[in-house]
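Let's take a look at the rings in this one, and at what sits over them. One helix gets a word at the end.

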Amino acid sequence: MTKEEYLLLCEKYLSGNASTEDEELLLSHRDDFNIQDFHNHDEIEDQQLIKQRIFDRIESTRNNNIKKMFPKYRWAVAASVFILFATGLFLFKNTGTQTHTVASVPQKVKPILPGGNKAILTLADGSTIDLNAATNGIIARNGKAAITKKQNGQLIYSQNPTANVVDSKTAYNTVSTPRGGQYEVVLPDGTQVWLNAASSLKYPTQFKGIERHVVLNGEAYFEVAKNKNMPFTIEANNVNIKVLGTHFNVMAYNDETIVKTTLLEGSVLLSNSTNNALLVPGQQANVENSGGKFLVNYVNTDDAVSWKNGYFTFRRENMISIMKKVARWYDVDVTYQNDVSRVSFGGTVSRAKNIEELLNKIELTGSVHFKIEGRRVIVKL
C-alpha cells in the first residue's frame, strides 16, 4: 500500500464510508506509516490535542458492534486517523485564537453538491449554447471549423481544410464556466485547455498569422500543441505568456491580487509592461495584477494542478484564500464574523465531496467553525 492509498483509506473511514474490509485493511497497515514518512511532519503543532479530538469523535460515532469486534485496535485506528489529519489531509497552523470546542456543520435536507462539467459557449455571432444541456455530437460550425461536444465534458474543434467556405475575417468563440463548473476545450490546433470554475477563454476558430493568441480570465491548465513556426500566446489580465509547446497552469482571477503561472514541462516567457521572466519546469512566477516584478520560485507543481485532477490542495494556505476556492467550486457566498486572516491550513481533499464533508473536516482542528444558511457559508472563530 502506498502512502497516498493509506491516506485515502483513512479519509474514507473518517467520512463514515468505510466497509468492514476497509477497516481491516486500515488496521493491518496501521504500523506501516508514521509522521516521519511525510514531508511536512515538522510543521505539526498540538499533536496530542488533535489526537484527542479525533479519538473522541471516533468513540462517539463507532457503534457497539464495531467496538466489540475490535476492542484492542481502537487506539490504532485513532492513531491512523490522527496521522491522516496531522500529516496528509488537514495539516494546520493557527496563529490566532484557539478554541477547544468542535462544532459539527448542521445537516441540510438539500446538501450543497460539488461542481461539475458546466459551461456556456458563445459563438462569433453572439449566440450562446448551454453545453450542459446540448446533446453530444456536432453542435455548431464556424467557417471551416466543426465544434463537437463529447460525453465527458469536452469540446473539440476540428478543421476541414477542403470545406467550401471563405473566411473573410477571424471569428472568435468564448467558453465560460460558471461558479461550480469546469470544462475541457480542444482548440483548432490541438491544444488542450482545462478551465476551472468561474473562468473564460476567448480564442479564434482558426489560427492564422504569426501566432496563436487566446485570452484567459480565471484559471486554466494548458497542454499546448507544438508549432515552432507559430508561438502560442496567452493574455491573462496584464500578463502575456508566450510558449512553443509546453504544459503549464495559469491562475488569473479578477478577485485575486496575484497572477500565478506554474510550469510543468517545456518553457514559457512571461512579460508585462515593465518586466519579463523565463520559467523552467518546476518553477512558479507570481506577479501583481497591476504589474510589477515577477517573483519566481520552485514549487510542488502537483499543488497547482490538483484542481484539474479532482482535488483541493492547501499548503499552509490562508483561510480567506481557501474559502475563495470553495466558493467558486460549490457556488456559494462566504461571509466572515471574525478576522480569520491569521488562520491557515494545509492538506488535500477530494473536490467530489459535498461541502458539508469538507467543512466538517476543517472544523476538527477546532480553529475555525462554519454555519451554512442556504447557499451562504458563515465563517467564525
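## Charges over rings

A charge counts as sitting over a ring if NZ of Lys or CZ of Arg is within 6 Å of the ring centre and within 35 degrees of the ring normal. Bear in mind that this is a predicted model.

Lys 202 fits the bill: its charged end sits over the ring of Tyr 172, 5.4 Å from the centre. Arg 351 does likewise with Phe 312, its charged end lying over that ring at 5.7 Å from the centre.

## Rings that pair up

Searching the whole structure turns up 7 aromatic pairs. One of them joins Trp 194 and Tyr 221, a tilted pair with 5.5 Å from centre to centre and 45° between the planes. This pair ties together distant parts of the chain, with Trp 194 in strand β10 (residues 192-195) and Tyr 221 in strand β12 (residues 212-223), 27 residues apart. Both Trp 194 and Tyr 221 are buried.

Then there's Phe 222 with Phe 248: the ring centres are 5.2 Å apart and the planes meet at 10°, so this pair is stacked. Here too distant parts of the chain are linked, as Phe 222 belongs to strand β12 and Phe 248 to strand β15 (residues 247-252), 26 residues apart. Phe 222 and Phe 248 are both buried, and they form one aromatic cluster with Phe 207 and Phe 232.

## A covered helix

Over to helix α8 (residues 355-363), which is mostly covered, with 8 of its 9 residues buried. Among the buried ones are Ile 355, Leu 358, Leu 359 and Ile 362, but also Glu 356, Lys 361 and Glu 363.

Notes: Residues are numbered from 1 along each chain as its sequence is written. This is a predicted model: local features need pLDDT of at least 70, side-chain atom pairs count only at pLDDT 80 or more; totals for chains, interfaces and linings use all residues. Side-chain values use heavy atoms; hydrogens and water are left out. Buried means under 20% relative accessible area, exposed over 50%, partly exposed in between (1.4 Å probe, protein chains only). Helices (H or I, at least four residues) and strands (E, at least two) are DSSP runs, numbered from the N terminus. Rings of Phe, Tyr and Trp (its six-membered ring) pair if their centres lie within 6.5 Å; planes under 30 degrees apart count as stacked, over 60 as edge-to-face and the rest as tilted.
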